[in-house]
Amino acid sequence: MRHAALLYLLLLCCNLRAQVTCTFHDTPLLDALRTIDETSADYQVDILTNGLDTLRTSAQIKNLDVPAAVKRACNGLPVKVKVKDNIVCVQFYNPKKENKSVVLQGNVQDGFLERGLFGISLALLRDDSTIVESKPTIYEIGSDSMHITTMYYLGAAVDPGRYLVRAQKDGYDDGWAEVEVPANHKGGNIKVPMINMRRSMKAIKLGEVEIVATRIKVRMRGDTLVYDARAFQLPQGSMLGNLIDQLPGARLTEQGEIFINGRKIDELTLNSRSLFRGNKKVLLENLPYFTVKELKVFERENLEAVARGIKDAPKDYVMDVALKDEYSTGLIGNADLGVGTHERYVGRAFGILLTKTLTLGAFVNMNNTNDRNRSGSSGWGGGAGGFTMGSYTSPQQRVGAGLTIDYKSTAIDKEVGWAKYLLYSEISFDRLHIDNESQTWQERFLPQGSAFSRMQQWDKEGHTVLQAVNQFRLGRIAANGYLIAGFREQRNDGRSDFQQWDDDGVAAMQQVQSLGRMRHYGIFLCRMSLPWLWNKGIDLDLDLHWTRAERDYYRRQNSTLGTATSDYRHEYDTERAASYHIEPTIGRTLRPHERLELGVTGRYRLTDDWADNPLFVLSNLAGWGLKDSVAIDLTPSDHDLMATVLDPTNSSYYDRRQHDGEVALRLKLLRGKGLPFEVRFALPLLLTQERMDYRRAAIDTLARRTGFFVNPSLSLRHDRWRLNLSMRTSMPAMLSMMPMRDARNPLSVREGNPDLKNDQRLEASFSWNHRPKGAVTEGRATINLSASATYHLRSTAQGFTYDAATTAYTYRPENVRGNWSASTTFGLSLALGSKQRWWLDSETSQHTWHSVDYASVSGMTEAQLNKIETVNLGEMLKLRYTANQTKLSLAADVRWRRSWGHHPSSPNISALDTRLTFTAQQTLQRSGTSFALDAALFDRRGYSTDAMNRTEWLVNATVTQPIPKTNFQLRLEAHDLFNQTSNTEYEVNAQGRTETWHRVAPNYVMLHLLWQFSRKPRK
């Protein structure tokens, strides 16, 4: 009997001096011996190790002496037992004194609140208090500071024996735990008792002294990069975005994307909670910086992947904004009203309510200053940018609002580190009006010279988006899923003037006026996941999509081709389309060895989409010609009359259905002895069958095709570097293989190609990150290197044929071989000086393209293969200085582009882009007045047009004045003071080069009234 074993041991130890009865049911030996020790008045059992925690009391020790009985109870472990008078001493004993590498695992918590702690530091000490060299890794798991579990791992090469783990944190007394490393340790983690920490109650009375504290701005905490927000002094009214822009190694783009040491942040969270579905700009532009305690950057397993049991899913790169304790619950908000020149205006408000389990956020935004920062819609269908709503620099007007609710239960699933119950809901509305104006100059590389074109476009866009997002998690083994439903409407009213010519001077012209409306709605994404439905390691997932789209499009086109007569078309194009997607998935994960993981996933996918697209040529009606000037959006009310102008040649209908069956095999080999990195190998086997019912003009066909693809991938992962290799094979779109010809635009004819073959490409990428260790460089220097290459064994390109007589192009997709690209980036961030006031950032990059494409001239027996080489070299240097009230930065960014061709008609291009920027910020401590200046010099040389070859000065300036004894501020802002901003694009490939100019919003001066507030809950 297990419960009798230690009773016998007690009787033997006491030699009948004291009669004590103890009963144990599956009790660890250490706990049992401690209980006996406390119960016996005559004997003291002294255990010098806690390495026997997991050994159960099951030994038969009757009629044995004390040493033999303890050895029997310890199951043959190498222990040493001493009996002297009434003291029985038990400890591990290893005569060889081997130095072994072990990992200690434990938790730290606030002893009073019984919750984890942020910002702890750990050390491993011997029993004589000497420090042992160790590698601590600390995980802070949970939804916020009120519901956190702090777990740690300590790796060290130590002798068997007794050790101490010390935890330290500002404002707390040191916390301690004892741990014993057994002599016969055979692998696995050694558990350390819970470390309970108490707030420090010590008080020291000092005389009159001056204390000057220097905070470390950036440091490593295990695998987490931590920025201390309190070490950055920003002017009153600054937001989270201003803080991140000051972080060493950080880069913040205009679109709100954050890069840390060259790697993009996938998600920005607030106290480990998601807001506005990961839309970073909402927090960047609205969260006051003074509420932030620290910013933590780390890798985290994707919630969906964890819930679905996917072991090989890539980890998210997360930045978590940890609020100060006094702001972790309560209300935070701000408002901004601004009026400026050129009829510019801004009106916006934002607020967040934080409780222990609930986060409620809301925003309203109305402006015509191109401010999209508080848009709750981050893309149709859950993607990061599912559709683009115009240029960010074109003049815009916006009205947007959103509400988000995030609930996370206090119950935490400790195995995965997430709340057991989660509910996230968001409702958002956006209305955007854009005035687009652009000019495009284009050169086409032909076998016997070049052809040129110029286009001017004017377009007014209107977008309305309304969507609701719901994400839920009901218990670890119950269900996980999310649902997105929405409505989108887009309106376009545009016109364009186009001219085209070649070396012979033959010209073509075209004027186009268009008016369109598109409505897109439905349940775009619905997913349900049931992880571990029958057994741990089994995952079942169901994915559903359904959408419907309606489009009405009016177009008037007047074309002149060379010396030919004008061609006039007045068209009405109406389209109705829908699609659905059903995808069940089941997966199984096995672990036959502690370092080997095998997985298999089976997936079936059914996709069906159809579109009915009748085209009516209204210009064929009497009284609808060019000289009749009929309104563009009118159609005859007579149904029979409409039928007479149906264009059967260009009207189309298709119904496409695709079945995919996939079996993916996965292998993961964990690092260990003899293997310093992790190996991941995936072998997906895909069988696809596609069928399309297609009707257009004389074409009425039912096309079918079947494909089998193997797309292997190999990944090697180390703490500092990663190497990824993969091969991808895909089929071209079936619509592009239909034998159709669309000649509605006589200057741009489109054809299909039934002979297209599958695309194939090879991809490789490598990344390396290094943070030098040591007292001088710890947290003060980072080095990163990344490289990638793609080689296309076969790809689909849009080849074209040029008709010199009419200057018209006929486009046809063609297979080409030999396209490849390669890029390399080397980055360095270095603190100059121990106080980390000066920082130097450097980024050196190169991008190389080998572009292959087809181009031919009408009458040639075969198409000409063009090859263009392009090399981009870049260097960015940035020097920053940060003091309490002063911020300065000076940056230089130089980009050189070199393009050349292998054909005599291909030109050589050498263009140089230079950008010099200077920023300065000064705050007057007494009045709180803040001055900011942002100046940039842009210089472009080597381009074909004067619009591109120019020098621009961009100067922005602001003055901010807090109103004393209130939460209000006044801010005077000057945007583009000298009105020199322009938006230009440049592209070169094997077919030609394109230079585009876009209209930008005018400069302005604006006066803002800002209000910030925070409310803490009553205690």
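**View 1. The whole chain, with its seven helices and 55 strands**. Helices (H or I, at least four residues) and strands (E, at least two) are DSSP runs, numbered from the N terminus. This is a predicted model, in which local features need pLDDT of at least 70 and side-chain atom pairs count only at pLDDT 80 or more, while totals for chains, interfaces and linings use all residues. Residues are numbered from 1 along each chain as its sequence is written, and side-chain values use heavy atoms, with hydrogens and water left out. Of the 1019 residues in the chain, 49% are buried (under 20% relative accessible area; exposed is over 50%, partly exposed in between; 1.4 Å probe, protein chains only). Take the contacts (heavy atoms within 4.5 Å) between residues at least 6 apart in sequence: 66% of them join residues at least 24 apart. The accessible surface is about 49,800 Å², with 54% of that belonging to carbon and sulfur atoms; the areas come from the Shrake-Rupley method with a 1.4 Å probe, and for residues only the protein chains shown count as cover.

**View 2. A three-stranded open sheet, β15-β16-β17**. Pairing here is antiparallel, and two strands pair if DSSP finds at least two bridges between them. The edges are β15 (250–252) and β17 (263–264); each has a single partner strand, so one side of each has no neighbour in the sheet. β16 (residues 258–260) pairs with β17 over two bridges, and that's where you'll find isoleucine 260 opposite arginine 263.

**View 3. Isoleucine 260 and the largest nonpolar core**. A nonpolar core is a set of buried Ala, Val, Leu, Ile, Met, Phe, Trp, Tyr and Cys residues joined through side-chain atoms within 4.5 Å. This one has 39 residues, and Leu240 and Ile260 have the most contacts inside it. Strand β20 (residues 316–323) is the top contributor to this core, with four residues. Skip residues up to four places away in sequence, and Ile260 still touches Leu225, Tyr227, Gly249, Ala250, Ile265, Val297, Tyr317 and Met319. Elsewhere there's a second, separate core of 24 residues, with Val102, Val158, Tyr163 and Tyr172 among them.

**View 4. Glycine 256, in the loop between β15 and β16**. Loop or not, glycine 256 is buried, at a relative accessible area of 4%. Setting aside neighbours within four places in sequence, glycine 256 has contacts with Lys280, Lys281 and Leu284. Glycine 241 sits 15 residues from glycine 256 along the chain, and their C-alpha atoms are separated by 8.5 Å.
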